[in-house]
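Could you walk me through this structure in my viewer, one selection at a time? I would like to know what to pick next and what I will find there.

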Amino acid sequence: MSLNTVEQWKQEKHPLDVIEDVKEYADENLTFEEIEERAGDGEWERLKWAGMYSHGRKGDYFMLRTKVPGGFLTPEQAEVIGEVSDEYAVAPEEFGGEEQNDVWGDAYMDITTRQDIQMHWIEVEDVPEIWSKYDEVGLTTIQGCGDSARNVLGCPAAGLDDHECFDAQPVVDAITDFFTENREYANLPRKYKMTVTGCREDCAQSQINDVGLTPARKEIDGEQYYGFHAKVGGGLSDGPRMASDLDVFVRPEDAVEFCRAVAQLFKELGDRHNRGVCRMRYLVQQMGVEKFEEAVRDRCEVDLRERGTDLTEGYTGDHVGVHEQKEEGLYYVGFNVIAGRMGGSEFAAAARAAQRYGTEDASVRLATDQNFLVTHIPEENLDDLLAEDFAEAYQPDPGPFARGAVGCTGSEFCNYGIIETKTRVKRWARELDERIDTPDDLDVVRMHMSGCSASCAQPQIADIGFRGETVKANVDNEDDEDDDIVEGMDFGLGGALGADNEFIDWVENAVPAQSVIPALEELFDVYADERSEGQRFYDWCREVENDRLREIMQRADANVAGGVAHG
């Protein structure tokens with residue numbers, strides 16, 4: 001069986017070699033056409049190892065992804081990111097300039113569900129200068145994308161909160177340092193996603209990653225030690241799978257070697273022929289968990305003990321709000337960024353506020369729900385921090401829909417996106433908070449929208465998940481005019497992570513976008529009447545048969561069920 005096309009491209013040239021090529025392209029100010037003439041169409045794949053995705057619909061521009069291990073940034077790093085975004089990620093006049101986006105204008109950045117930062121409208125000639133600014137503060141875009149170790153996730157409140165057993169950020173950093181620019185493990189069959197946390201609430205989403213390390217305790221030679229339990233083979237997109245537990249206890253000092261051994265196994269046995277089944281979760285399924293574990297042990301250069309006592313108690317999806325830190329008198333504040341998009345100048349302002357109002361240990365943290373934290377704020381400085389302009393724009397006490405709103409890049413920039421997401425999510429979240437009177441004890445409704453089936457916005461683990469598609473909205477109309485084709489989505493309910501983890505059921509397909517809010521109003525009216533005390537929306541959805549959920553949605557004065565998926 002022949003290698004798939006991407007693998008052939010990677011054999012032609014090691015993907016990390018593209019980093020030097022970028023400097024050359026920038027120096028010569030090459031267009032996309034000239035880059036392709038020089039290096040072939042495989043270069044667009046290899047450029048991902050530099051953290052660069054081409055904006056296929058937007059001419060000679062890139063998306064640039066900045067890695068932020070564990071979501072941790074010093075104020076200086078955060079300020080540089082904001083300033084770089086404000087200076088370089090600016091829509092050109094030929095694509096609308098200040099009117100390019102009617103919500104965010106021409107200059108903004110996106111916080112992602114993997115604690116990265118994405119910028120748009122980047123020109124190749126500016127990338128080396130951006131890298132130089134990043135080098136000065138210890139940031140990188142290298143391997144932000146591509147078939148290698150991606151940004152390592154962690155709890156955004158690591159070291160701050162008393163819900164953690166130990167601070168795992170040093171382990172996140174050690175794993176990151178090992179894999180970044182490591183040629184031995186920079187060409188895997190597919191992306192390699194790891195998450196490491198020492199907190200009891202699994203903020204880093206171990207259940208949906210290739211490798212998830214979560215806190216555990218084990219007695220060794222009569223002494224109690226903290227370390228990690230390991231899950232493997234989780235993931236979303238097509239063929240979602242919750243990760244499986246391995247019978248291993250990983251000491252913090254052995255975590256790098258354990259993750260290397262898993263990568264070695266993936267490198268050797270992962271599928272390089274069929275791109276559709278090359279992710280690590282398929283290898284776990286094919287081998288079975290016991291054989292996979294045995295193969296990891298064979299490749300690991302340290303002894304892996306059997307499991308100890310698991311210390312994970314549940315799942316916390318965000319850190320929005322004002323929270324006490326472990327140190328008396330200090331607080332961290334989680335700011336709500338609907339769909340993760342904000343101005344670069346606003347992010348730089350948040351960084352400067354962290355320096356102004358925080359202690360010398362102040363930081364800016366990115367969360368997997370696309371929000372950010374400012375940490376180490378003395379109590380007497382809280383009011384001043386919350387009075388800043390950026391704080392008013394990204395308030396820490398949002399309504400439940402705004403608090404839980406997540407959106408991917410969507411068709412605005414992504415070559416795979418079928419529908420627009422960012423603007424829609426922001427408008428819908430605010431409108432839903434105005435139109436729906438949710439129960440007082442419901443602090444968050446997780447509403448995630450992906451512009452296609454790739455699941456970058458993680459819809460399968462949300463209370464309400466959307467998966468974009470084009471919809472023929474008026475099936476009774478005999479003519480086949482384009483006016484009948486609208487943006488729409490598959491509509492799912494009942495997802496969650498944690499002790500009661502479960503993927504959503506796709507309850508209704510091909511719902512025209514304009515019909516979604518009326519359908520949600522009907523669902524929440526019935527939910528408010530029928531819920532038991534304290535019952536979350538996703539839990540109520542699971543109790544109700546899908547046929548009845550569809551019937552409730554279709555009570556809306558809208559074309560909820562009249563759409564048909566269109567090509």
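Two strands count as paired if DSSP finds at least two bridges between them. Keep that in mind for the sheets below, and remember that the model is predicted.

**Stop 1: a sheet ending in E3 and E11**

Start by selecting the strands E3, E14, E15, E12 and E11, in that order: they form an open sheet of 5 strands with antiparallel pairing. At the edges you will find strand E3 (72-73) and strand E11 (321-324), each of which pairs on one side only.

Now zoom in on strand E14 (residues 364-366) and strand E15 (residues 372-378), which run antiparallel and are joined by 3 bridges. Which residue of E15 stands opposite arginine 365? Show the pair, and you will see leucine 373 there. Next, add helix H11 (residues 344-357), which lies across E3, E14 and E15. The helix runs at about 20 degrees to E15.

**Stop 2: a sheet ending in E1 and E13**

Select another open sheet of 5 strands, this one in the order E1-E2-E5-E4-E13 and again with antiparallel pairing. Strand E1 (52-54) and strand E13 (341-342) each have a single partner strand, so one side of each is left without a neighbour in the sheet.

Within this sheet, highlight strand E2 (residues 62-66) and strand E5 (residues 117-122), an antiparallel pair with 4 bridges. Phenylalanine 62 has isoleucine 122 in E5 as its bridge partner. Then bring in helix H6 (residues 127-137), which packs on the sheet and touches E1, E2 and E5. Its direction makes about 150 degrees with that of E5.

**Stop 3: two unusual backbone angles**

Most residues other than glycine have a negative phi. With that in mind, colour aspartate 202, whose phi is positive at about 45 degrees although the residue is not a glycine. You will find aspartate 202 in the loop between strand E6 (194-196) and strand E7 (211-220). Is aspartate 202 buried or exposed? Its relative accessible area is 3%, under the 20% cut-off, so aspartate 202 is buried.

Jump next to serine 455, in the loop between strand E17 (447-450) and strand E18 (464-472). Serine 455 is not a glycine either, and has a positive phi of about 70 degrees. With 8% relative accessibility, serine 455 also counts as buried.

**Stop 4: the cavities**

Switch to a view of internal space. How many cavities of 30 Å³ or more does a search of the whole structure find? The search finds 3.

The largest has a volume of about 50 Å³. To see its walls, select Lys67, Ala149, Arg150, Asn151, Val152, Ile175, Thr176, Phe179, Thr180 and Met194. Helix H7 (residues 169-179) gives the largest share of this lining, with 3 residues. By class, the lining of the largest cavity has 5 nonpolar, 3 polar and 2 charged residues.

The second largest cavity holds about 40 Å³ of space. Its lining includes Gly154, Cys155, Glu164, Gln169 and Val196. That lining splits into 5 nonpolar, 4 polar and 1 charged by class.

**Stop 5: a pocket**

Finish at the second largest pocket, with a volume of about 390 Å³. To centre your view, select Tyr315, Thr316, Gly317, Val444 and Arg446, which lie nearest the pocket's centre among its 25 lining residues. Colour the lining by class, and you will count 8 nonpolar, 9 polar and 8 charged residues.

Note on methods. Residues are numbered from 1 along each chain as its sequence is written. This is a predicted model: local features need pLDDT of at least 70, side-chain atom pairs count only at pLDDT 80 or more; totals for chains, interfaces and linings use all residues. Side-chain values use heavy atoms; hydrogens and water are left out. Helices (H or I, at least four residues) and strands (E, at least two) are DSSP runs, numbered from the N terminus. Contact means heavy atoms within 4.5 Å. Axes are lines fitted to C-alpha atoms, for helices over the stretch in contact, and angles run from 0 to 180 degrees between N-to-C directions. On a 1 Å grid over the protein atoms alone, a cavity is a set of points where a 1.4 Å probe fits but cannot get out, and a pocket is an open set with protein on both sides within 12 Å along at least five of seven lines; lining residues have an atom within 4 Å of a point. Grid points are joined across faces, edges and corners, and a volume is the space filled by probe spheres set on the points. Ala, Val, Leu, Ile, Met, Phe, Trp, Tyr, Cys and Pro count as nonpolar, Asp, Glu, Lys and Arg as charged, and the others, Gly among them, as polar. Buried means under 20% relative accessible area, exposed over 50%, partly exposed in between (1.4 Å probe, protein chains only).
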